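Biologist: I would like to learn how to read a protein model step by step, beginning with the whole chain and ending with single residues. Could we go through one together?

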Amino acid sequence: MNSRFDRISALVTAVLAIGLWIAGLVVGQALTDSLPDKATDAQVLTWLHANTNLTIVGGWLFMTGCLAFIWFAGLLRTRLAEAEGGTHTLSTIGFAGAVGAALFGIGTQADLAAAINASDVSAATAGMFHRLGDLFFVGAELCLIVLMASVALLAFRAAALPRWWGVVSALVAVVLWIGPIGWAALIFGTPVWTLGTAFMLARTPRPKRSGALTEALA
């Protein structure tokens with residue numbers, strides 16, 4: 001990742017992703033009428049009819065943030081691959097985890113599908129889409145473990161990033177895996193980790209260490 005444009009792009013796309021995630025949540029949740037945690041299908045449909053436009057706009061903003069995260073992850077993969085050398089196995093696995101997390105993140109906005117067809121969906125359908133978001137949330141949480149673990153390994157074995165950041169990445173991965181508290185690592189830990197990683201990528205690139213991973217494993 002020697003290009004100044006790529007380093008700046010990493011920071012810009014990370015900030016954009018986080019900003020769009022926050023904007024999407026504010027518009028889609030904070031600005032809409034409150035909905036009970038265990039709302040019935042009829043309550044979900046009533047809520048949807050009252051907040052159709054905000055649900056669509058909020059979901060659209062959040063999903064665009066997920067696309068920005070994929071762009072950031074692609075730039076991160078370049079940095080990881082340069083340090084890893086060889087077949088870039090861990091770099092590729094980490095990128096796959098990031099893409100999976102972004103796609104599941106898009107799925108968390110399942111209410112948008114019902115909102116687009118608010119005048120036609122039944123209460124049962126609206127309720128189904130609303131609860132489907134929970135499944136995608138868990139999927140995003142698990143996929144991020146793959147990304148964090150790959151970054152942690154490459155930080156230690158190939159100096160792709162500072163080793164202390166590898167420790168942070170490993171800790172986030174562990175918390176993501178712990179079901180009862182994994183949501184906190186996704187909602188709070190991931191944006192902080194993304195911004196921190198972006199700042200490191202935006203700095204002057206570290207000397208290339210091709211084959212460092214192979215040497216470490218030998």
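**Reading the model from whole to part**

Modeller: Let us begin with burial, remembering that this is a predicted model. Of the 218 residues in the protein chain, 46% are buried, where buried means under 20% relative accessible area.

Biologist: Which helices and strands should I look for, and in what order do they run?

Modeller: The protein chain holds 9 helices and 0 strands, and from the N terminus on, the elements read α-α-α-α-α-α-α-α-α. As for extent, the C-alpha trace spans about 60 × 35 × 25 Å along its principal axes.

Biologist: How much of the accessible surface belongs to carbon and sulfur atoms?

Modeller: The accessible surface of the protein chain is about 10,800 Å², and carbon and sulfur atoms account for 70% of that area. One place to look is a nonpolar surface patch of about 400 Å², which is made by Val 174, Trp 177, Ile 178 and Ile 181. Ile 181 sits in helix H8, which covers residues 179-202, and this residue counts as partly exposed because its relative accessibility is 40%.

Biologist: What share of the contacts joins residues 24 or more positions apart?

Modeller: Among contacts in the protein chain with a separation of 6 or more, 79% are between residues 24 or more positions apart. For a single case, take Ser 150, which is placed in helix H6 and counts as buried because its relative accessibility is 3%. When its neighbours within four places in sequence are left aside, Ser 150 is in contact with Leu 90, Ile 93 and Gly 94.

Biologist: How should I read the charges, and how many salt bridges does a search of the whole structure find?

Modeller: The general idea is that side chains of opposite charge can pair when their charged atoms come close. In this structure, the search finds 1 salt bridge, in which the side chains of Asp 41 and Arg 131 meet at 2.8 Å, N to O. Asp 41 belongs to helix H2 (residues 41-50) and Arg 131 to helix H6 (residues 123-157), so the pair ties together parts that are 90 residues apart in sequence.

Biologist: Are Asp 41 and Arg 131 buried or partly exposed?

Modeller: Asp 41 is partly exposed, at 28% relative accessibility, and Arg 131 is partly exposed too, with a relative accessible area of 38%. Turning from the pair to the whole chain, the mean position of the 12 positive charges and that of the 11 negative charges are 19 Å apart.

Biologist: Where could I compare a separation along the chain with a distance in space?

Modeller: A careful way is to choose two residues, count the positions between them in sequence, and then look at their C-alpha atoms. Val 15, in helix H1 (residues 4-30), is 50 residues from Gly 65 along the chain, while their C-alpha atoms are separated by 9.4 Å. Ala 23, which is also found in helix H1, is 42 residues from Gly 65 in sequence and 9.2 Å from Gly 65 in space, C-alpha to C-alpha. Val 15 is partly exposed, with a relative accessible area of 45%, and Ala 23 is partly exposed at 26%.

Biologist: What separates the C-alpha atoms of Val 168 and Ile 145?

Modeller: Those two C-alpha atoms are separated by 12 Å, and the residues are 23 residues apart along the chain. Val 168 is found in helix H7 and counts as partly exposed, at 27% relative accessibility.

Biologist: Which residue other than glycine has a phi near 60 degrees, and where does it lie?

Modeller: Here the feature to read is the sign of a backbone angle. His 88, which is not a glycine, has a positive phi near 60 degrees, and this residue lies in the loop between helix H3 (52-84) and helix H4 (89-107). Ala 159 likewise has a positive phi, of about 55 degrees, although it is not a glycine, and Ala 159 lies in the loop between H6 and helix H7 (163-177).

Biologist: How do His 88 and Ala 159 stand in relative accessibility, and which word, buried or partly exposed, belongs to each?

Modeller: His 88 counts as partly exposed because its relative accessibility is 25%, whereas Ala 159 counts as buried because its relative accessibility is 16%. The cut-off behind this reading is that buried means under 20% relative accessible area.

Terms used: Residues numbered from 1 in each chain as written. Predicted model: local features only at pLDDT ≥ 70, side-chain atom pairs only at ≥ 80, totals over all residues. Heavy atoms only, no water. Patch = residues over 30% accessible without salt bridge, like charges linked within 9 Å, V, L, I, M, F, W, Y side chains within 5 Å. Areas by Shrake-Rupley, 256 points an atom, 1.4 Å probe, with all protein chains shown as cover. Salt bridge = Lys/Arg side-chain N within 4 Å of Asp/Glu carboxyl O. Helix = DSSP H or I, 4+ residues; strand = E, 2+ residues; numbered from the N terminus. Buried < 20%, exposed > 50% of the residue type's maximum accessible area, 1.4 Å probe, protein only. Contact = heavy atoms within 4.5 Å. Lys, Arg positive; Asp, Glu negative; His and termini not counted. Charge placed at Lys NZ, Arg CZ, Asp CG, Glu CD.
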